[in-house]
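Let's take a walk through this model together, starting at one aromatic side chain and ending in a strand. Keep the viewer open as you read.

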Amino acid sequence: MSAMAHEHEPLTQEEVLLEGFLALDTPEGFRAELIEGEIVVTPPPEGAHEANISRIIRQVARRSAVDMDVSGNKGLMVPRAGQCVKNHVIPDLTFAEARVGLFDDAEAWMPCGEVAMVVEVTSTRADRDRTTKRHCYARGGIPLYLLVDREKCSVTLFSEPGEGDYRQVCTVPYGKPITLPAPFSFDLETGDFV
């Protein structure tokens, strides 16, 4: 008996999009994400964006109740919605308890399990951070999502993910502290955000 040759089935549109996304070679400093079936390429951030990122990292390092690891470039895979491919997002910051060692030996794109909090600081396409990525993070079960909205001069903490969104939302204007619950357990000062 001879072995029959198996023809490869054609790729689905979803598979073609994912393969194209994973094959992208973005210019240095740019980052590509696959969000709700759309490939998004973001240019390097400007100074005020990075100043807020730095302020958050310093406060978490100094004041968090437990030691935290942080990554500014960690690719996360989060569950898809509807007919869209699995989302591949890169939060501005990803925090995990240091004891977990989440980033040790992690693949370029990793699942969201054990992520304690993600942070986004808005730039040119703020609605994506306010809505689309918020839903992605909630579907991924990430317990806390901190959004620094530079257009609205506010900071919002989303918590208690469930059913595709966060059930708790707390927003404060710049200048007011916002409480980060356990495992962080401290009030994040926002007075010097820009």
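Tyr 174 has a relative accessible area of 18%, and because the cut-off for buried is under 20%, Tyr 174 counts as buried. Bear in mind as we go that this is a predicted model.

What does Tyr 174 pair with? Its partner is Phe 193, in an edge-to-face aromatic pair with 5.9 Å from centre to centre and 85° between the planes. This contact links distant parts of the chain, 19 residues apart: Tyr 174 sits in the loop between strand S11 (165-173) and strand S12 (178-180), while Phe 193 lies in the segment after strand S13 (186-188). Phe 193 is buried too, with a relative accessible area of 6%.

The structure holds five aromatic pairs. Another of them joins Tyr 137 and Tyr 145, again edge-to-face, with 5.0 Å between the centres and 70° between the planes. Tyr 137 is buried at a relative accessible area of 0%, and Tyr 145 is likewise buried at 0%. Ring pairs extend this into a cluster that links Tyr 137, Tyr 145, Phe 158 and Tyr 166.

Tyr 145 brings us to strand S9, which spans residues 144-149. Is this strand mostly covered or mostly open? It is mostly covered, with six of its six residues buried. In a regular strand, side chains alternate between the two faces of the sheet. You can follow that here: Leu 144, Leu 146 and Val 148 point one way from S9, Tyr 145, Leu 147 and Asp 149 point the other way, and all are buried.

Now look at what S9 pairs with. Strand S8 (residues 117-121) runs parallel to S9, and the two pair over five bridges. To find your place in that pairing, start from Val 119, whose bridge partner in S9 is Leu 146. Helix H3 (residues 126-139) joins S8 and S9 in a right-handed β-α-β unit.

Strand S10 (residues 154-162) also pairs with S9, this time in the antiparallel sense and over six bridges. Here Asp 149 has Ser 154 in S10 as its bridge partner. S9 and S10 form a hairpin with four residues between the strands, and in this hairpin Cys 153 takes a positive phi near 50°.

Key:
Residues are numbered from 1 along each chain as its sequence is written. This is a predicted model: local features need pLDDT of at least 70, side-chain atom pairs count only at pLDDT 80 or more; totals for chains, interfaces and linings use all residues. Side-chain values use heavy atoms; hydrogens and water are left out. Buried means under 20% relative accessible area, exposed over 50%, partly exposed in between (1.4 Å probe, protein chains only). Two strands pair if DSSP finds at least two bridges between them. A crossover is right-handed if, with the strands pointing away from the viewer, the path from the first strand over the helix to the second runs clockwise. Rings of Phe, Tyr and Trp (its six-membered ring) pair if their centres lie within 6.5 Å; planes under 30 degrees apart count as stacked, over 60 as edge-to-face and the rest as tilted.
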